[in-house]
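Could you walk me through this model, one selection at a time? I have it open in my viewer and would like to know what to click on and what is there.

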Amino acid sequence: MKKTLLLIIVIVSVLLFLSGYRPTALSAAKANFFMTPEYKNVEKIQEGHDIFYLFKSDKKEIYQTVLVQKKVFLYKRVYATGISSTNASLETIGGMSYRLNHEGTLFVVLSHDENASYITINSKQGIIKKSIEHSKLVSFYIPYAQQIDLLEAVAYDKNDRPIYFYGYDDADNLRWNLVDEKK
């Protein structure tokens, strides 16, 4: 009886492990085929029951956003998205929109521009405004699914003048564009 019970526990544990379940949120986030040792954890963002990890690979020049959720007493990676690292003045380093048993959208920006003072996005609840500092991350979370290219994100300077907008350039690349470039 004890051997059978032990065998069942081992089999269930192995199946859970192979399915991506892990004892911690970080270990679940790292349990991805793309996650190699050169990926470094940049940030952890928690919104309700959703846990997001941002990873960066300098070698591959990419950021990965991984959504992890707790399932009973274990954690499982639910979604992962990648965004190329650009080192532009404003850089979107994370983002995803998802529909599970609930919805959400995450949008994360890193500023390399000392003139950028704050960023706004357009949401169903109205305009969301957040201050941004040089070399610091700012994250936006909204509790419904919205494509990040439709957030109408705009970065402003200290004098409330728009200096960047997030959208498609003439080559159809989704990025932060100088406001003057589209005039």
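Start by selecting Thr65 and Gly95: a polar atom of the Thr65 side chain lies 3.4 Å from the backbone nitrogen of Gly95. Keep in mind as you look around that this is a predicted model. Thr65 belongs to strand E4, which covers residues 62-71. Is Thr65 buried or exposed? With a relative accessibility of 1%, Thr65 is buried, because the cut-off for that label is under 20%.

Now show what surrounds Thr65. Setting aside neighbours within four places in sequence, Thr65 is in contact with Phe52, Tyr53 and Leu54, with Tyr79, Ala80 and Thr81, with Ile93, Gly94, Gly95 and Met96, and with Leu106. Gly95 thus appears in this list as well as in the polar pair you began with.

Next, move to the largest nonpolar core, a set of 19 residues. Select Leu90, Phe107, Val109, Ile119 and Trp176, which have the most contacts inside this core. Then colour strand E7 (103-111), strand E8 (118-123), strand E10 and strand E12 (162-168): each of them supplies at least two residues of the core.

Stay with Ile119 for a moment. Which residues does Ile119 touch, not counting those up to four places away in sequence? They are Val109, Ile128, Lys129, Lys130, Ile132, Val138, Phe140, Val154, Ala155 and Trp176. Apart from the largest core lies another one, of 13 residues; to find it, select Ala28, Ala29, Phe55 and Ile62, which are among its members.

Your next stop is Glu152, in the loop between strand E10 (137-142) and strand E11 (154-156). Glu152 has a relative accessible area of 52% and counts as exposed, because that label applies over 50%. Show the side chains of Glu152 and Asn122, and you will find a polar contact of 2.9 Å joining them. Beyond residues up to four places away in sequence, Glu152 touches Thr120, Ile121 and Asn122. Add Tyr166 too: 14 residues separate Tyr166 from Glu152 in sequence, and their C-alpha atoms are 6.6 Å apart in space.

Finish at helix H1 (residues 2-18), where you can pick out Val14. Val14 is partly exposed, at 41% relative accessible area. Add Leu6 and Val10 to the selection: together with Val14 they make a nonpolar surface patch of about 250 Å².

Conventions: Residues numbered from 1 in each chain as written. Predicted model: local features only at pLDDT ≥ 70, side-chain atom pairs only at ≥ 80, totals over all residues. Heavy atoms only, no water. Helix = DSSP H or I, 4+ residues; strand = E, 2+ residues; numbered from the N terminus. Buried < 20%, exposed > 50% of the residue type's maximum accessible area, 1.4 Å probe, protein only. Contact = heavy atoms within 4.5 Å. Polar contact = N/O pair within 3.5 Å; in protein donor to acceptor, adjacent residues only side chain to side chain. Core = buried A, V, L, I, M, F, W, Y, C linked by side-chain atoms within 4.5 Å. Patch = residues over 30% accessible without salt bridge, like charges linked within 9 Å, V, L, I, M, F, W, Y side chains within 5 Å. Areas by Shrake-Rupley, 256 points an atom, 1.4 Å probe, with all protein chains shown as cover. Salt bridge = Lys/Arg side-chain N within 4 Å of Asp/Glu carboxyl O.
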